[in-house]
Amino acid sequence: MNEQKIPYKIYLSEEEMPRNWYNVRADMKVKPAPLVNPGTLQPMTAADLAPVFCDELIAQELDNDTREVPIPEEILGFYKMYRPSPLVRAYCLEEKLQTPAHIYYKFEGNNTSGSHKLNSAIAQAYYAKKQGLKGVTTETGAGQWGTALSMACAYLGLDCKVYMVKVSYEQKPFRREVMRTYGASVTPSPSMETAVGRKILAEHPGTTGSLGCAISEAVEVATSNPGYRYVLGSVLNQVLLHQSVIGLETKIALDKYGVIPDIIIGCAGGGSNLGGLISPFMGEKLRGERDYRIIAVEPASCPSFTRGKFAYDFCDTGMICPLAKMYTLGAGFIPSPNHAGGLRFHGMSPVLSQLYHDGYMEAVAVEQTAVFEAAEFFARTEGILPAPESSHAIKVAIDEAKKCKETGEAKNIVFGLTGTGYFDLVAYEQFNNGAMTDHIPTDEELAVGLAALPPQPKA
Ligand SMILES: *Cc1c(COP(=O)(O)O)cnc(C)c1O
């Protein structure tokens, strides 16, 4: 195919949009390990999970076999308000880098929440509504998930209670106002409103909070209020399923022009955007149809893939959630307060953890000043002000494109540009003032969290 024919933005028509989510677990020979009960160490059944999660979402969580899951019409309709998202050929970036590589990015920042999180928020809110629930509770770190869920709940008329990691609540007051505008209530976490919040505050006075703390609070509120369930914006199998829409659209767009990626890159916090982006490509790889290099990029200050252990661990600090087998730094791990860029969860999606463990993907950790340098370069070249999280992927995409310059290879590089950075200007300000620092935890620091892993089920 003649390269000139590839437009700057590849859009799909409504007819070309995917009708089904793709469940990559169906093609995994070694399935992700099941969630287990921390008391009995037995796999969680649907009945065990029912007090916490919506019924249909539990079914999706436990289903390792159904390959294609139809997207309900109501969700498709909502998707059509802001999807398909553009796949952009980064001609300007290629030119600036003087690289022979062809760079593409899938841009998920074209909605008010500013990230890919809306893809799963609308699905989760839809199933809660269908079950006749009054509302949902959740945590939010940087605020994108809380915003996305508030938007989805407002659309469907559900109540939405958000526990926001305190450091973000203080750094990003305007995020809170967006959520309140969509009707959500927003509480800084840890709070005095829950038993687990009071306990964490007593043990760690002055803590700036963590996603793990906020999850514990949101789960407690969901299980103690009739008509409420808890929803989570990342990590879970169901979230990767919903996010597969990103990868499916990407693949349809690339197929239109006969482009086959060599390298696929995504940032990894809990793994949802990366899992979604790579799903259909990973499916081909798992079925032995095609090979791709797949790279997860994580912050050096919260390096679960590259320095964590593959073990069962709690998803939350309060240790009230089921155990998941994943790459983890320990549920007690709290990233250094100077870490500005999201991706602060201590664990990683069990699906991606298994795939990484089995050698189907790579991972690299990058330092935040280098990430912001890449963000600035990208903003000045491609125009979009990227979210710090997304900029981890930008950093490695640029590194790979520079390698192509050395070798003269015209590789196709695809990366996920998960969102925009308008609410991250405190971090940008630090960077612009030259006041941003890097913190790489020492082995001793990491050993504390890893020593506190719970008892492991027998293999
Ligand atoms: C939440 C978020 C991430 C990281 O979460 P994953 O589940 O790892 O995808 C990345 N980028 C943006 C913009 C986000 O909001």
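Trainee: How far does a polar side-chain atom of His116 lie from an oxygen atom of the ligand?
Mentor: This is a predicted model, where local features need pLDDT of at least 70, side-chain atom pairs count only at pLDDT 80 or more, and totals for chains, interfaces and linings use all residues. Residues are numbered from 1 along each chain as its sequence is written, and side-chain values use heavy atoms, leaving out hydrogens and water. For His116, the polar contact (N or O atoms within 3.5 Å) to the ligand oxygen has a distance of 3.2 Å.

Trainee: Which residue has a polar backbone atom 2.7 Å from an oxygen atom of the ligand?
Mentor: Gly271 places a backbone N or O atom 2.8 Å from a ligand oxygen. The distance of 2.7 Å belongs to a polar backbone atom of Gly269.

Trainee: What share of the ligand's exposed area does the protein bury?
Mentor: Alone, the ligand exposes 380 Å² (Shrake-Rupley method, 1.4 Å probe). Of that area, the protein buries 95%.

Trainee: Why is the pair of Tyr126 and Tyr127 given its class?
Mentor: The structure holds 16 aromatic pairs (ring centres within 6.5 Å; planes under 30 degrees apart are stacked, over 60 edge-to-face, the rest tilted). The ring centres of Tyr126 and Tyr127 are 5.1 Å apart and their planes stand at 70°, so this pair is edge-to-face.

Trainee: Is Tyr127 buried or exposed?
Mentor: Tyr126 has 12% relative accessibility and counts as buried (under 20%; exposed is over 50%, partly exposed in between). Tyr127 has 5%, so Tyr127 counts as buried.

Trainee: What kind of aromatic pair do Phe310 and Tyr327 form?
Mentor: Their centres are 4.9 Å apart. With 15° between the planes, the pair of Phe310 and Tyr327 is stacked.

Technical notes
A polar contact is a pair of N or O atoms within 3.5 Å; within protein, one must be able to donate a hydrogen and the other to accept it, and residues adjacent in sequence count only if both atoms are side-chain atoms. Rings of Phe, Tyr and Trp (its six-membered ring) pair if their centres lie within 6.5 Å; planes under 30 degrees apart count as stacked, over 60 as edge-to-face and the rest as tilted. Buried means under 20% relative accessible area, exposed over 50%, partly exposed in between (1.4 Å probe, protein chains only).
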